[in-house]
Structure formats: structure tokens, C-alpha cells
Amino acid sequence: MAKKQILLNAFNMNCVGHINHGLWTHPRDNSVDYNTLGYWTELAKTLERGLFDGLFIADIIGVYDVYQQSIDLTAREAIQLPVNDPLLLVPAMAAVTQHLGFGVTSNLSYEPPYLFARRMSTLDHLTAGRAGWNIVTGYLDSGARAMGLQAQDAHDQRYDRADDYLELLYKLWEGSWEDEAVRRDKAARVFADVSRIHRISHQGPFYQLDGYHLCEPSRQRTPVLFQAGSSDRGQQFAARHAEGIFIAAQDKDKTRQLVADIRRQAVAAGRRAEDVKIFIGIAAVVGQTQAEAQEKFDDYWQYASAEAGLAHFASSIGVDFSRYGLDDPIEYGGSNAIQSAAKTAAANQLTRRKLLERFRLGSRYPTLVGDAASVADELESWVNEVGVDGFNLSRTVTPESYEDFIDLVIPELQNRGSYKTAYAEGSLRHKLFAEGDRLPARHAAAGYRPR
Ligand SMILES: Cc1cc2nc3c(=O)[nH]c(=O)nc-3n(C[C@H](O)[C@H](O)[C@H](O)COP(=O)(O)O)c2cc1C
């Protein structure tokens with residue numbers, strides 16, 4: 001039987017310090033050039049050389065002001081601040097690639113759905129069906145205040161709002177224009193057949209709309225839907241909507257359990273277990289030999305900032321670690337931010353010292369250090385023994401960490417038959433699921449198509 005193929009996204013953000021904090025100070029790191037087009041077009045070409053399935057672009061609305069109750073460290077270490085708009089990067093990258101997919105994070109809490117629907121349809125047109133959306137609802141009160149609110153909604157209510165938002169978007173993307181609506185018939189002077197364009201009405205608990213979608217159908221109609229967040233309510237949301245789920249890796253047994261739970265809920269929602277592709281975040285420091293990889297890690301470590309990693313984590317779960325001594329027990333409490341992350345930290349009784357030790361390269365993600373064979377072993381173990389489908393690979397020193405991975409790990413995985421040797425044709429959705437460009441009839445969105 002053919003081996004399961006590993007899916008791979010590069011994980012990045014339109015900012016300097018993304019996940020592996022402090023490494024922007026490394027002499028060979030070029031992330032300070034994030035605000036130039038060349039930085040992104042070169043990255044896109046590099047990733048396509050490595051046959052990456054996608055570039056997953058994180059985003060945040062708000063600033064990290066929980067640690068020491070200020071943005072001092074955030075500004076000094078560029079902890080996701082400054083942060084530019086992710087969506088505007090995509091057309092430039094799409095112009096220099098043919099296959100790379102783009103998963104763009106957009107926080108629905110602050111985007112009117114009617115306008116957002118048009119922006120994503122435009123992106124799907126311009127990329128010829130390579131657009132994906134990472135659906136987030138935000139976790140920062142600083143973002144809510146910046147948008148004129150007192151604080152963000154309660155955790156589960158944010159997901160209720162998201163359900164309503166998605167329903168409205170499905171109506172626009174799937175239900176407003178039939179495929180046959182667009183005739184482009186110059187001789188008959190009919191661009192579109194009005195009988196096949198439907199007026200959408202939505203009277204939801206959070207959103208109301210009466211109108212027509214502004215765009216003709218794009219290749220995928222609904223962009224590929226990603227979701228990150230695995231609280232109980234988050235899993236429920238993902239089981240209904242998500243085609244790709246980004247989870248934070250815990251130990252392998254717990255992750256295996258989570259993966260099984262998510263797939264079970266997808267099946268209960270009328271979908272197939274394999275309709276959701278599950279990705280974990282990792283970093284890799286790779287060398288020609290184990291010793292070379294270790295040397296590289298030690299070099300990177302000189303520049304990394306574990307404290308910046310801690311400040312990032314503080315805002316992710318809403319706990320100011322600066323109030324605690326190194327070995328004090330931390331009161332994790334009920335988080336209104338990323339509940340799944342808070343729960344894992346509480347279950348492992350992580351003190352400030354333990355967190356700093358884990359965040360040695362400035363990141364909370366597992367970091368694989370080794371030669372190609374040992375890194376490939378570990379990746380295969382996550383896929384074959386734990387049941388995830390692939391990885392969101394964060395950058396350490398960029399672009400060399402992506403280049404090392406492509407030059408060393410990818411050929412090793414290809415030799416083992418675990419990674420494609422060429423792209424499949426078609427849209428991002430078709431590449432991931434081999435079932436065409438559109439969402440399958442068993443997905444919730446299909447219920448909003450014209451009968
Ligand atoms: C691995 C991971 C990556 C995430 N990336 C983002 C992001 O880029 N932007 C964002 O606003 N929220 C991000 N989130 C937050 C979630 O999308 C979600 O809004 C919040 O974490 C609630 O998750 P929960 O269901 O686990 O509590 C991320 C969460 C996880 C676990």
C-alpha cells in the first residue's frame with residue numbers, strides 16, 4: 001500500500017518576530033525585510049521549489065500587552081509588532097508561483113462579512129483557486145479595545161458568532177450566483193443571466209444581510225477553510241466547518257487522542273474522518289550530520305529570546321508570568337483567550353522556569369534538531385503513529401531554515417515515499433482532497449446552494 005503523504009505548510013506572518021522569537025537578531029536572518037515585496041516573492045519561490053502545499057500566514061489584531069502589563073518587550077523584540085496585513089501579500093506571491101496554496105488568517109470579529117466575502121472571492125479569482133482562510137475570532141482584549149469595544153466577547157460566544165458569520169458567507173459564496181449565471185456573450189449583449197443570480201437574505205443572531213454577492217463564482221467558491229483552536233467549543237466549530245485544523249502538539253498520546261476526537265466529531269457532523277486535515281506546528285534545525293545540526297542549534301540559541309516567547313505566550317492565554325517567581329505555581333484559571341493552550345499549560349503545571357526551558361528557541365512548538373534521517377523519522381512518527389496529516393513549519397533563521405529543510409529533509413521524505421515528487425494539478429482544495437475544486441455535498445456549505 002502506498003505510504004501516507006505528508007502535507008506541509010510553511011508557517012509565517014507579515015511581521016519580524018513570529019514564533020521563534022529573538023532570531024531576527026541573527027546575522028543571517030532577513031525577517032527585518034518583511035515589509036518589502038521581494039522578501040515574499042523570494043519566499044514563495046523557495047517554498048514552491050520544496051513542493052510545499054501552502055504558506056499559512058498567521059495574523060493578530062491587537063498587541064501583546066499582558067506580560068509586565070506593557071508593550072515594552074513586545075516592541076523591543078518585535079513580538080508580532082509591527083504586523084502588516086497578510087492578505088495583500090498573496091497576489092504578489094501568486095504571480096511568481098503556480099501551485100503554492102495560501103492560507104490567510106483573518107479575524108472575523110472585526111470584518112463585516114459582506115466585504116470580507118468579496119475580498120476572499122477576489123483572492124480566489126486572482127490565485128486561480130489557491131486561496132484558503134484561517135478562521136479566527138481573536139483572543140486579545142487589546143484588539144477589542146482598539147476596535148472601540150470594552151473587551152472581547154466571551155470565549156464560546158465568539159464561536160457562536162463565527163457560526164453565524166460562516167452561514168452568511170456560505171449563502172453568498174455558494175448560493176448567490178449559479179455557475180451558469182455568467183454567459184459573457186458579446187453577440188447577445190448578455191454578460192450575466194439575471195435569472196441565475198439570487199438575492200441573499202440572512203437574519204441571524206449576530207449578522208443580517210439583504211443583497212447579492214458582488215463577485216461571480218471563483219474556482220473554489222468558498223476558500224479552503226482552516227481553523228486553529230481546540231477547546232471543546234472550538235472542536236465543535238471545526239467539526240462542522242474546517243477542512244484544515246491547526247493544533248498545538250502536546251505529547252504524542254494526548255495529541256493522538258485529540259486527533260481521534262476531532263475526526264469522530266467530523267463524522268458525527270455527517271462528514272468523513274479524512275475530510276479534515278490536521279496539522280501541528282513544529283520547527284526544525286537540520287544539518288548534514290547530527291553534530292552539524294546541534295552546532296547550528298547552539299548558534300541560533302545565542303540569538304533567541306525565551307523571554308520574548310514567554311511574553312507571547314502570556315497574551316495567548318492571558319496570564320502575566322512576570323508576577324511569578326521562576327518556580328512559583330502559576331494560577332492558570334479559566335482563560336478567555338486560547339483555552340486549549342491554557343489547559344495544556346495547567347495540566348503540565350508549567351512554571352515560569354519550565355516554560356523558559358521549553359521556549360529555548362523563543363518558541364512553544366516542538367523543535368526537531370538533527371540530520372535529515374532523524375527529522376524524517378520524527379515527522380513520519382507524527383503522521384503514522386499519532387495520525388496527524390502534516391505540519392506547519394515555523395521559521396527559525398529565515399530563509400535558511402526553509403532552505404535547509406527543502407535541501408535535506410524533503411529529498412529524504414521523497415526517497416521514503418512519504419512526500420510528493422511533483423504537484424498535482426488543480427485548485428488548493430483539489431490538491432488536498434483530490435475531489436474537485438468545490439466543497440463536497442456532505443459539507444455544511446452545500447446546504448446553501450440553489451436547488
Ligand atoms: C496553533 C494555533 C494557532 C493560532 N493562530 C492564530 C492566529 O494566527 N491569529 C489569531 O488571531 N488566533 C490564532 N489562534 C487562536 C484561535 O484561532 C482561536 O481564536 C482561539 O485560540 C480559541 O481557541 P480555543 O478554542 O483553543 O480556545 C491560534 C490558535 C492555535 C491553537
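Where does Q349 lie? In this predicted model, Q349 is placed in the loop that runs between α11 (339-347) and α12 (352-358). Although Q349 is not a glycine, its phi is positive, at about 45 degrees, and with a relative accessible area of 61% the residue is exposed. A positive phi in a residue other than glycine is also found at A434, where the value is near 55 degrees. A434 belongs to the segment after α15 (428-433), and its relative accessible area of 58% makes it exposed, because the term applies over 50%.

Two cis peptide bonds may be described alongside these backbone features. One of them joins L81 and P82, with omega at about 0 degrees, and P82 is situated in the loop between α2 (72-76) and α3 (90-95). The other joins T398 and P399, with omega at about 5 degrees; here P399 falls in the loop between β13 (390-394) and α14 (400-415).

In the interior, the largest nonpolar core comprises 82 residues, and those with the most contacts inside it are F52, L55, W133, L379, F391 and F405. The element that gives the most to this core is α6, which supplies 9 residues. For F405, when neighbours within four places in sequence are left aside, the residues in contact are L8, F52, A284, V375, L379, L393 and I410. Another core, made up of 42 residues, lies apart from the largest one and includes L140, F226, F246 and I330.

A charged residue, E243, is likewise buried, since its relative accessible area is 3% and the term applies under 20%. E243 is located in the loop between α7 (232-241) and β10 (244-247), and its side chain makes a polar contact of 2.8 Å with the side chain of R429. Beyond the neighbours within four places in sequence, E243 is in contact with P223, V224, L225, R271, D275, V276, K277, R429, F433 and L439.

At the surface, I61, M147 and L149 form a nonpolar patch, and together these residues have about 250 Å² of accessible area. L149 is found in the loop between α5 (141-146) and α6 (155-175). With a relative accessibility of 44%, L149 counts as partly exposed, because this value falls between the limit of 20% for buried residues and that of 50% for exposed ones.

Terms used
Residues are numbered from 1 along each chain as its sequence is written. This is a predicted model: local features need pLDDT of at least 70, side-chain atom pairs count only at pLDDT 80 or more; totals for chains, interfaces and linings use all residues. Side-chain values use heavy atoms; hydrogens and water are left out. Patches are made of residues with over 30% relative accessible area and no salt bridge: like charges are joined within 9 Å, nonpolar side chains (Val, Leu, Ile, Met, Phe, Trp, Tyr) within 5 Å. Accessible areas come from the Shrake-Rupley method with a 1.4 Å probe; for residues, only the protein chains shown count as cover. A salt bridge is a side-chain nitrogen of Lys or Arg within 4 Å of a carboxyl oxygen of Asp or Glu. Helices (H or I, at least four residues) and strands (E, at least two) are DSSP runs, numbered from the N terminus. Buried means under 20% relative accessible area, exposed over 50%, partly exposed in between (1.4 Å probe, protein chains only). A nonpolar core is a set of buried Ala, Val, Leu, Ile, Met, Phe, Trp, Tyr and Cys residues joined through side-chain atoms within 4.5 Å. Contact means heavy atoms within 4.5 Å. A polar contact is a pair of N or O atoms within 3.5 Å; within protein, one must be able to donate a hydrogen and the other to accept it, and residues adjacent in sequence count only if both atoms are side-chain atoms.
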